[in-house]
Amino acid sequence: VFAEVFASKDVFTGIYSPKKRLVEFSIKKKNVPGALLAITKVISELKINILSGYVTAYPDEPISMVSFVADLTGLNLSVDEVVKKIQALDVVLDVKYAQPEIEGFMIDCMHFPLLALGEKSILFRLETIKNMFERIYASFGTGSAIIFYEMGIGAGERKARKLISEYELKGLDLLKIVMVERIAKGWGIPEIVHFDDKKCSAIIRVYELFECNIVKDMFNEPTSQFFKGYLKGLLKVIFSKEVEVIETSCVAKGDKYCEFHTK
Ligand SMILES: [Zn+2]
């Protein structure tokens with residue numbers, strides 16, 4: 001059902017295409033309308049196919065970035081000649097490129113650190129997270145739950161305070177932004193079912209919650225610890241009051257979604 005509503009998003013990491021002549025370009029350009037078009041026009045005239053990449057332009061900044069992996073298979077030009085053509089555009093300030101260590105396996109090696117909403121971030125595969133959780137439970141037993149729960153509380157509280165200080169958000173607006181950001185960051189697809197500021201009560205439903213999805217249909221009871229704590233920390237700041245959060249439905253016990261209620 002989500003495949004109809006949501007398209008997946010590949011964070012630009014690289015391209016694997018054996019036997020292809022792959023090149024990664026990283027271009028600094030003027031942050032003006034038409035700059036991207038001018039660059040892609042040069043590329044398309046050379047019949048180069050752009051495979052994957054990203055564009056970052058912050059409003060009011062004079063310089064923006066575009067980077068992509070392109071397929072130069074069959075092109076009778078050196079990469080330096082292609083660079084020269086792009087560099088000749090008046091909207092282009094600088095062009096760098098990289099070629100793969102192993103043919104056809106172009107991993108982005110030109111950009112660091114990784115930023116999400118301007119903040120330094122790292123990516124873990126969900127499989128790695130699952131293994132980390134399993135190792136901690138195997139080593140420390142049922143007490144591990146409290147570790148994840150406490151981690152969640154701290155993260156939720158800090159998130160709420162950050163949005164208050166940086167964006168002056170509060171109440172339902174703050175909750176909405178944090179929830180929709182969970183979609184952007186791949187945590188799951190939350191839905192605010194109920195929110196009452198005065199009664200300090202809320203119901204949050206989450207489809208595809210990462211933490212419970214990795215143990216889908218494997219338990220008889222709700223399993224979320226981290227996200228449950230995250231909501232507790234978040235709502236504590238939003239309501240300026242301690243609230244208990246319980247998980248009433250969970251994909252780990254075969255439900256369609258995880259649902260969290262304040263108490
Ligand atoms: Zn759950």
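**Exercise 1. Find out how strands β2 and β4 are joined, and what surrounds them.**

*Solution.* Start with the pair itself: β2 (residues 22-30) and β4 (residues 63-71) run antiparallel, and nine bridges join them. Keep in mind as you go that you're looking at a predicted model.

For a landmark, pick Leu-22: opposite this residue, in β4, stands Asp-71.

Now widen the view. The two strands belong to an open sheet of four, ordered β3-β4-β2-β5, with antiparallel pairing. At its edges you'll find β3 (49-56) and β5 (92-98), each pairing on one side only. How far are neighbours turned against each other? On average by 20°, if you ignore direction.

Last, add the helices. Helix α2 (residues 35-45) lies across β2, β3, β4 and β5, and runs at about 150° to β2. Helix α3 packs on the sheet too, touching β2 and β5, and its direction makes about 160° with that of β5.

**Exercise 2. Place Lys-85 and decide: is this residue buried, partly exposed or exposed?**

*Solution.* First, locate the residue: Lys-85 sits in helix α3, which spans residues 79-87.

Next, take its relative accessible area, which is 42%. Buried would need a value under 20%, and exposed a value over 50%. The value for Lys-85 falls in between, so this residue counts as partly exposed.

Then check who touches it. Setting aside neighbours within four places in sequence, Lys-85 is in contact with Val-42, Leu-46 and Leu-77.

One more distance to try on screen: from Lys-85 to Ser-26 you count 59 residues in sequence, and the C-alpha atoms are 14 Å apart in space.

**Exercise 3. Work out the layout of the sheet that holds β9 and β10.**

*Solution.* Read off the order: β9-β10-β12-β11, four strands in an open sheet, paired antiparallel. The ends of that order are β9 (189-196) and β11 (245-249); each has a single partner strand, so one side of each has no neighbour in the sheet. Between neighbouring strands, the average turn is 20°, direction ignored.

Zoom in on β9 and β10 (residues 201-207), an antiparallel pair with seven bridges. Two bridges to look up: Asp-196 partners Ser-201 of β10, and Ile-189 partners Tyr-207 of β10.

Which helices pack here? One is α6, which touches β9 and β10 and whose direction makes about 165° with that of β9. Another is α8, in touch with β9, β10, β11 and β12 (258-262); its direction makes about 130° with that of β11.

Finish at the hairpin of β9 and β10. There are four residues between the strands, and Cys-200 takes a positive phi near 55°.

**Exercise 4. Describe how helices α6 and α8 meet.**

*Solution.* Begin with the axes: those of α6 (residues 171-184) and α8 (residues 226-239) come within 10 Å and cross at roughly 155°. An angle over 145 degrees counts as roughly antiparallel, and therefore that's what α6 and α8 are to each other. As for the hand of the crossing, it's right-handed.

Now list who makes the contact. From α6 come Gly-171, Leu-174, Leu-175, Val-178, Met-179 and Arg-182. From α8 come Phe-227, Tyr-230, Leu-231, Leu-234, Leu-235 and Ile-238.

Finally, sort these residues by character: ten are nonpolar, one is polar and one is charged.

Technical notes
Residues are numbered from 1 along each chain as its sequence is written. This is a predicted model: local features need pLDDT of at least 70, side-chain atom pairs count only at pLDDT 80 or more; totals for chains, interfaces and linings use all residues. Side-chain values use heavy atoms; hydrogens and water are left out. Axes are lines fitted to C-alpha atoms, for helices over the stretch in contact, and angles run from 0 to 180 degrees between N-to-C directions. Angles under 35 degrees count as roughly parallel, over 145 as roughly antiparallel, 65 to 115 as roughly perpendicular and the rest as oblique. A crossing is left-handed if the near helix is turned anticlockwise from the far one by less than a right angle, and right-handed if clockwise. Contact means heavy atoms within 4.5 Å. Ala, Val, Leu, Ile, Met, Phe, Trp, Tyr, Cys and Pro count as nonpolar, Asp, Glu, Lys and Arg as charged, and the others, Gly among them, as polar. Two strands pair if DSSP finds at least two bridges between them. Buried means under 20% relative accessible area, exposed over 50%, partly exposed in between (1.4 Å probe, protein chains only).
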